[in-house]
Amino acid sequence: MGLYIEARIRADLDELWARTQDPAQHQRWDLRFTEITYLPRTEGEPQRFRYATRVLPFLTVAGTGVSAGEKERPDGTRTSALRFASPDRLSLLAEGSGYWRYVPVADGVRFLTGYDYRPRWGVVGALADRLVLRPLMGWATAWSFDRLRLWLERGITPERARWNWLAEMAVRALTIAGCGTGLSRGPVLGALAPTVAFLVPLVLVVALFLAVVTSPLATTPAARRCLRTPPARTAAPRVLRTLEKQP
């Protein structure tokens, strides 16, 4: 699969399964989806669904998909697989497939995903995907996984986690802007005294460095906390091959 994301979550397996398989809960923590709606189905059939993603304030792209899960496996793990497609010509993402794996470990669950997709718009779309969409999708998936972790481990709702992230980004941005302004006025400050001329730029540089590289707060979701490379060769689950390709 083209993208791989993994998070270790200290939570009960059943609770993690519920918050990822229930569309009402899924759409709260997953940044990639604005709305997920399950369609009616008969017993034994894969679950079909509709999804929508708000790309811009006045632009939403939508698509359909089909999913199936294995809640009881001999090795104690669980798996969920899906195929999806968007007929919307404004959507760069044309079709794709992926899976979630739930692997119990001593201190919780390894929650991991692998997925890939085909972009549209020909050569232009392929270039836009490589430079913009694919890195953005990888970051959004990892950030969402960490937001889910905070919800399960610390009781921080997805909505609160989003505000925590926005507030921290604002503080960092203001710090960087303030440091830039201060450094540009260095010569003026330097005229006051040799000590000020030395200390002020040094303090500003340290503050700028900390604003850029300091780890996010424990209550703020961060993509960097997730593993982005599979620890070993990983194959897609067999259940994925049973799902029909979406039109």
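**Exercise 1. Is Trp165 buried, partly exposed or exposed, and how does its ring sit against that of Trp139?**

Trp165 has a relative accessible area of 23%. Buried means under 20% and exposed means over 50%. Trp165 is therefore partly exposed. This is a predicted model.

Apply the cut-offs to Trp139. Its relative accessible area is 29%, so Trp139 is partly exposed too.

Now take the two rings. The centres of Trp139 and Trp165 lie 6.0 Å apart, and the planes make 50°. Planes under 30 degrees apart count as stacked and those over 60 as edge-to-face. The pair is therefore tilted.

Finally, place the residues. Trp139 belongs to helix H3 and Trp165 to helix H4 (residues 158-184). The pair therefore ties together parts 26 residues apart in sequence.

**Exercise 2. Classify the ring pair Tyr102 and Phe111, then find the cluster that holds both.**

Start with the geometry. The ring centres are 5.2 Å apart and the planes stand at 40°, so this pair is tilted. Both Tyr102 and Phe111 are buried.

Then widen the view. Tyr102 and Phe111 join Trp17, Trp29, Trp100 and Phe145 in one aromatic cluster. The whole structure holds twelve aromatic pairs.

**Exercise 3. Work out the surroundings of Arg32.**

Locate the residue. Arg32 sits in the loop between helix H2 (23-29) and S2.

Check its cover. The relative accessible area is 13%, so Arg32 is buried.

List the polar contacts. The Arg32 side chain meets that of Asp30 at 2.7 Å. Another polar contact, of 3.4 Å, links the side chains of Arg32 and Thr141.

Add the contacts beyond four places in sequence. Among them are Thr53, Trp100, Tyr115 and Met137.

**Exercise 4. Trace the sheet from edge to edge and place the helices that pack on it.**

Write the order. The open sheet has seven strands, S1-S7-S6-S5-S4-S3-S2, with antiparallel pairing. Strand S1 (3-9) and strand S2 (35-38) are the edges, each pairing on one side only. The twist averages 20° from one strand to the next.

Place the helices. Helix H1 (residues 13-21) packs on the sheet, and its direction makes about 165° with that of S6. Helix H3 (residues 122-154) also packs on the sheet, touching S1, S6 and S7.

Look at one edge. S1 and S7 pair over seven bridges, with Arg8 opposite Arg110 in S7. S1 is mostly covered: six of its seven residues are buried.

Notes:
Residues are numbered from 1 along each chain as its sequence is written. This is a predicted model: local features need pLDDT of at least 70, side-chain atom pairs count only at pLDDT 80 or more; totals for chains, interfaces and linings use all residues. Side-chain values use heavy atoms; hydrogens and water are left out. Two strands pair if DSSP finds at least two bridges between them. Helices (H or I, at least four residues) and strands (E, at least two) are DSSP runs, numbered from the N terminus. Axes are lines fitted to C-alpha atoms, for helices over the stretch in contact, and angles run from 0 to 180 degrees between N-to-C directions. Contact means heavy atoms within 4.5 Å. Buried means under 20% relative accessible area, exposed over 50%, partly exposed in between (1.4 Å probe, protein chains only). A polar contact is a pair of N or O atoms within 3.5 Å; within protein, one must be able to donate a hydrogen and the other to accept it, and residues adjacent in sequence count only if both atoms are side-chain atoms. Rings of Phe, Tyr and Trp (its six-membered ring) pair if their centres lie within 6.5 Å; planes under 30 degrees apart count as stacked, over 60 as edge-to-face and the rest as tilted.
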